[in-house]
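Hi everyone, thanks for making time for this. Please bring the structure up on your screens, and we'll walk through it together.

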Amino acid sequence: MQRRLGTLDVMSVTDDAQVGGLLRMWRERRRLSQLELSARAGVSSRHLSFLETGRSRPTPQMIDRLATQLDVPLRERNQLLLSAGFAPAHPERSIRSPELYAVSVAFQRILDAHMPFPALVLDRWWNIVDRNPATDVVLRGCASHLLEPPVNAVLVTLHPEGLAPRIRNLAQWRTHLLGQVRSRAEHTGDARLHQLVRDASALGEVEESAGSATDVVLPLELDRGGDILRLFSIAAALQSATDITIDELHIEAFYPADQATAAWFGRLGS
């Protein structure tokens, strides 16, 4: 039967092509062929081809199935649904909203329990959402304009008026930190993250230095008045989130990399 292209139908063709282009973009970003993705998602490669070219219209269930196999973040899953003319499936609430109370309390308990060592809650763009009092010691001496909310952990770390002058292995830590931001920017395609890479990179190059052959992890070496604090971090995130805010939060908890650092923070805590 011939399809009549009225105003509504033209809009449908446009929407189908848009969501198809986004699906193709995500598939190519994950370096998957149509055959590989169709096998993972349990759909025919022919149908996937029709979806990407706009010849077929995906259902919300199909979008979710493909997005799951492509590891598309929740924020971008909403964009896929909107581009296909469907309502977004994942809300984005304030961290202080009643629905997120249990999770925010859990985050706070982790921060408190991690004392006397520093721990932060960071959002997708490395803005500090919450932190425990031990981070005051780490941030002491940073310029006040860098500590005005929203405080960005990457920029305050690498800025010459921030932590950078006190980081003994700045070249190594800078490479490590920028690598993390680039990786997340490439994974999500987020323009703000790409801008953060550019902003942080513009803070200046530093001379490379060799790390210790005895280190099993890269530590942050921080000079605090002649005391060298050596810390490594462990990141933790909630894996079952259905809310965008929670999905984009993670905890960065710092641990002492040697006994001297552990003793230094122990004295601080007491």
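I'll start with how to read the model, then go through the helices, and end with the sheet.

First, the ground rules. This is a predicted model, where local features need pLDDT of at least 70 and side-chain atom pairs count only at pLDDT 80 or more, while totals for chains, interfaces and linings use all residues. Residues are numbered from 1 along each chain as its sequence is written, and side-chain values use heavy atoms, with hydrogens and water left out.

A word on labels, too. Helices (H or I, at least four residues) and strands (E, at least two) are DSSP runs, numbered from the N terminus. For angles, axes are lines fitted to C-alpha atoms, for helices over the stretch in contact, and the values run from 0 to 180 degrees between N-to-C directions.

Let's look at helix H2, residues 34-41, and helix H3, residues 45-53. They pack at an angle of about 110 degrees, and their axes are 9 Å apart. That makes H2 roughly perpendicular to H3; in these terms, under 35 degrees is roughly parallel, over 145 roughly antiparallel, 65 to 115 roughly perpendicular, and the rest oblique. The crossing of H2 past H3 is right-handed, meaning the near helix is turned clockwise from the far one by less than a right angle, whereas anticlockwise would be left-handed.

Which residues of H2 and H3 meet? On the H2 side they are Gln34, Leu35, Leu37 and Ser38, and on the H3 side Ser45, Leu48, Ser49 and Glu52. Contact here means heavy atoms within 4.5 Å.

H2 has another partner, H4, again at an angle of about 110 degrees with the axes 9 Å apart. That makes H2 roughly perpendicular to H4. Leu37, Arg40 and Ala41 in H2 meet Arg65, Leu66 and Gln69 in H4. So keep an eye on Leu37: this H2 residue meets H3 and H4.

Next, follow H4, residues 60-69, over to H5. These two pack at about 145 degrees, with axes 10 Å apart, and H4 passes H5 in a right-handed crossing. Pro60, Ile63, Asp64, Ala67 and Thr68 in H4 meet Arg77, Leu80 and Leu81 in H5.

Is H5 mostly buried or exposed? Eight of the 10 residues of this helix, residues 74-83, are buried, so the rest of the structure largely encloses it. Buried means under 20% relative accessible area, exposed is over 50%, and partly exposed lies in between, with a 1.4 Å probe and protein chains only. Among the buried residues are Arg77, Leu80 and Leu81, the H5 residues that meet H4. Just after H5, Gly85 takes a positive phi of about 90 degrees.

Now for the sheet. Strands of a sheet pair through backbone hydrogen bonds, either parallel or antiparallel. Here, five strands form an open sheet in the order E2-E1-E5-E4-E3, with antiparallel pairing; two strands pair if DSSP finds at least two bridges between them. Strand E2 (128-131) and strand E3 (220-224) are at the edges with a single partner strand each, so one side of each has no neighbour in the sheet. On average, neighbouring strands are turned by 30 degrees against each other, direction ignored.

Moving inwards, E4 (residues 227-237) and E5 (residues 250-256) pair over seven bridges. One place to look is Ala235, which stands opposite Glu252 in E5. Helix H6, residues 101-113, packs on the sheet and touches E1 (119-122), E2 and E5. Helix H12, residues 259-269, packs on the sheet as well, touching E3, E4 and E5.

Let's finish with E1. Three bridges join E1 to E2, and four join E1 to E5. Where are the bridge partners of Val121? In E2 the partner is Asp130, and in E5 the partner is Ile251. In the hairpin of E1 and E2, with five residues between the strands, Trp126 takes a positive phi near 65 degrees.

In a regular strand the side chains alternate between the two faces of the sheet. On E1, Ala119 and Val121 point one way while Leu120 and Leu122 point the other way, and all are buried.

Thanks for listening!
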